[in-house]
Amino acid sequence: MILHQLIDYEILRLIWWLLLGVLLIGFAATDGFDLGVGMLLPIVAKTDTERRVAINTIGPVWEGNQVWLIVGGAATFAAWPPLYAVSFSGFYLAMFAILLALILRPVGFKYRSKRESARWRNNWDWALFIGGFVPSLIFGVAVGNVLQGVPFRFDPADMRIFYEGSFFGLLNPYALLCGLLSVAMLIMHGASWLVLKASGPVAERARSYGSLAAVAVIVLFALGGIFLALGVNGYNITSEINPAGPSNPLLKTATHDGSWLANYRVYPWMMIAPALGFLGAAAALLAMRAKWEGATLLFSKLSIFGIISTVGLSMFPFILPSSLDPNSSLTVWDASSSHTTLFVMLVVSLIFLPIILAYTAWVYKVLWGKVDEATVNDKSGHAY
Amino acid sequence: MELDIVALSRFQFALTALYHFLFVPLTLGLSVLLAIMETVYVMTGRQIWRQMTKFWGILFGINFAIGVATGIVMEFQFGMNWSYYSYYVGDIFGAPLAIEGLMAFFLEATFVGLFFFGWDKLSKVGHLVATWCVALGSNFSALWILVANGWMQNPVGSALNPQTMRMEITSFFDVVFNPVAQAKFVHTVSAGYVCASIFVLGVSAWYMLKGRHLEIAKRSMTVAASFGLASALSVVVLGDESGYLTTENQKMKLAAIEAMWKTEPAPAAFTAFGFPDQQARETHFAIHIPWVMGLIGTRSLTTEIPGIDKLEQQAEIRIRDGIKAYDALMQIRAAPTLDGVAPAVRASFEDLGHQLGYALLLKRYVDDPRQATDAQITQAARDTIPHVPTLFWAFRIMVGLGMFFIVLTATFFWLSARRHLDKYPLLLKIAVFAIPLPWIAIESGWIVAEIGRQPWVIEGVLPTAMAVSSLGASTVLLTICGFAALYTTLIIVEMTLMIRAIQKGPEPDNEPEADLISETLVPAAE
């Protein structure tokens, strides 16, 4: 394969760093509202019919949305194998908890409506709540840990990975703050979705809780930034780096005495990301109060885009710093797949992503319109 | 096997993979059957076919939900439990998984929502397109996961990069058009089609025995029998075994399946029955059929099939070559730049680098393979023999059931052609009791493929024992218990819902008989 020489290795790495962000944001912006609706289910919907209204707003789409997570995992495997290997094995029990929660979700959606019994349905409602809450919290906690560095190292002899942290070590104050931010963000997003797609009391309650969540997002995001500036050291690369060099993290040296805010001094344009995080949430709050239903969801997406981009940009070029051995830290320049794999995967993505976006948009268009009590009580039996 | 991290990780993977694979084959086959039924509906305009599509669609949905949920576990587990594997081969193995997501999962998962929710929102043809997209998506996903698995069985198009200490892709084309992957794809999707056909056949036979939903049952049986017969033939004719001999690496698997302890002069005999004894290296009470093995395995009377004894000797030679490759690799990695490496060392690595994996087999016994004793080398060569009795039996169960499915589907195909589907209650009963059999055959097939590859996770490249994460045994034990508890609950819930849905039967379709014109124009196919 000579074709891959068409694009330089370092450019491909940069593109794949951006694509990793696109997939994460894609997941949070689509499946994020499904998780949010799961968390809101017990409080925005009281009666069975109300719950069915809430569930059926996401019924036809959550499955496709969840693929963003699956593809995000697989693309990390393909484009950033060391990142996939270190993070999934290091966060082992946390990943296990996410898996259990994510297993409950599909079966919850599908099986809840199969029986009339109130107890049966109530149990599945809790399953759906856990299926929304646990992943939202843990994803945030994981990001909080990544920002502080994760205790892993590579054995120089054969590049075997050793992780020396514990599950409870993940639950430190800063990580929990990030976990709460993630929960608030996805509740805001789920509420924005319900305001648009649900009707009656469900939409009304979603408006109130969503407004609260948007305020929480602003406060928690600000707190996260303040602590990042005051209490969390960033990482620095201290050796020369070859952006087109082999993907071996141990070829560089790094220290844990920098600042994650340094990038903003060098590249002031990066300030757009945190600004969008705040402004998006504020605008979503405003739109929710003013009942601009479509705009609410859009602003909420903008806020998610800003918040996730802030994390990525603050850490650049680091992807997964190591607190145990800073030299083992994974960066954009030394943790990717080979030149050929990145190129092939880029071609595949450029072919399929537009097709996916096109048919997803078509499906959303077909499903356009509000879900109300009449829809779920329709005797055709198509609703959950 | 003692309770070490390797054994536990393998157990967890086997548990979750075998469980996931209870749901996948039915999804694969039923999605295509749904698309066929709905196509008949759209072409003839007959409401009964829409009713059938909806009814089998309900069962499809119950099954699909767990298939999706347990599939995420599979994808995450490579990183969680097999982190060295993920590091070492992620450059090659990750790509098909990502393509699977982009090409297959999005298609399948986006349109499955429309399949269930879109009946009133789409035109007839629009809904049919959605159904076909679901079927296409699930079959594409089988293609890419088998490209990934085929590479584990026959790792083409890749080489070790000493600078990154991992396998890197050299030809994406070779990885995709790997003959083992292609054979596996056809074999596996056909098996899924058979599974769904037997399921539809058995459930319909039950309705017929009960005298319920006769019109739907009859039509469903006709579709299932014809589709099932074609698929059952395809499973056997395009069976995996055709792929075994195309590559050097799969010879040990073939020898173990056939319990060929000693190399025989061509053409080799086929052992139809017997009790293989791994310790004594012989098969007790063996019944041999002369010539057959040589014919199946080589399609010739003169080509020799190597037995386990010969392959073990070859493995020992490869281990010794692998040690030289390992030595060269260590010198290359120790040098500050590639140019600083002596040409002789580089030549040695280029010559023998592909045998490096065999040196890694010694890592179980010694940290540095170069320090291995002769006894350890002999032991490592012995390790290349997988567990023969397991393979011998799993293979025979799979093949025996495969033959039975041909007979069963052919019988019902004939009955359906003669309009005699309801004439023989005994045959209907057999069809009902046959429902679980495809799953037994399919799980046996998984065992043959994966146990047959041991001690390798990537044949000839990476031993399974090296591929695990550095986790505590108690941590993995905890997650095994967690998965086992959740999965047991789920299968009980799933089976209950399936049985209730089957007992309830198809919903009466209240819609007025539409498109009377098309019905008069198109003579009824029934």
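Q: How many helices and strands does chain B have?
A: In this predicted model, chain B has 19 helices and six strands.

Q: What radius of gyration does chain B have, and what would a compact globule have?
A: Chain B has 26 Å. A compact globule of 526 residues would have a radius of gyration near 24 Å, so the two agree.

Q: And what box do the C-alpha atoms of chain B fill?
A: Roughly 85 × 50 × 45 Å, taken along the principal axes.

Q: What share of chain B is buried?
A: Buried residues are 53% of the 526 in chain B. On contacts, take those in chain B with a separation of 6 or more: 78% of them join residues 24 or more positions apart.

Q: Which residues have the most contacts inside the largest nonpolar core?
A: L194(A), V217(A), L33(B) and A98(B). That core has 295 residues. Helix α3 of chain B, residues 83-117, gives the most to this core, with 24 residues.

Q: What does A98(B) touch?
A: Setting aside residues up to four places away in sequence, A98(B) touches V71(A), A74(A), A75(A), F77(A), A78(A) and M345(A).

Q: How many residues does each chain put into the contact between chain A and chain B?
A: Chain B puts in 62 residues and chain A puts in 62 residues. On the chain B side, the elements giving two or more residues are α2 (47-81), α3, β2 (166-169) and α18 (473-504). The largest share there, 24 residues, comes from α3(B).

Q: What classes of residue are on that side of chain B?
A: The side of chain B that touches chain A has 35 nonpolar, 20 polar and seven charged residues.

Q: Changing topic: what span should helix α1 of chain B have?
A: Helix α1(B) covers residues 5-44, which is 40 residues, and at 1.5 Å a residue it should span 58 Å. Its end C-alpha atoms are 58 Å apart, so the expected span agrees.

Q: Where does α1(B) bend?
A: At F21(B), by about 30°. A proline, P25(B), follows within four residues. Just after the helix, G45(B) takes a positive phi of about 75°.

Q: Now α12 of chain A: what span should that helix have?
A: Helix α12(A) has 28 residues, 339-366, so at 1.5 Å a residue it should span 40 Å. The distance between its end C-alpha atoms is 40 Å, which agrees. The helix bends by about 25° at F352(A), and the proline P354(A) follows within four residues.

Q: What covers the buried residues of α12(A)?
A: The cover includes α1 (9-44) and α3 (62-79) of chain A, together with α3, β2 and α5 (172-176) of chain B. Among the buried residues of α12(A) are H339(A), M345(A), I356(A) and V363(A).

Q: Where is I48(B), and why does it count as partly exposed?
A: I48(B) is in helix α2 of chain B. It has 18 other C-beta atoms within 10 Å, and buried would need 20 or more, so I48(B) is partly exposed. Not counting residues up to four places away in sequence, I48(B) touches E215(B), I216(B) and R219(B).

Q: And where does S199(A) lie?
A: S199(A) lies in the loop between α7 (173-197) and α8 (200-231) of chain A. Leaving aside neighbours within four places in sequence, S199(A) is in contact with K370(A), V371(A) and D372(A). From S199(A) to V215(A) is 16 residues in sequence and 23 Å in space, C-alpha to C-alpha.

Definitions and conventions. Residues numbered from 1 in each chain as written. Chains lettered and ligands numbered in written order. Predicted model: local features only at pLDDT ≥ 70, side-chain atom pairs only at ≥ 80, totals over all residues. Rg over C-alpha atoms; globule rule 2.2 N^0.38 Å. Buried ≥ 20, exposed ≤ 12 C-beta atoms within 10 Å, placed from the backbone. Contact = placed C-beta atoms within 7 Å. Core = buried A, V, L, I, M, F, W, Y, C linked by C-beta atoms within 7 Å. Nonpolar A, V, L, I, M, F, W, Y, C, P; charged D, E, K, R; others polar. Expected span 1.5 Å × (residues − 1). Bend = angle between axes of the 7 residues up to and from the residue.
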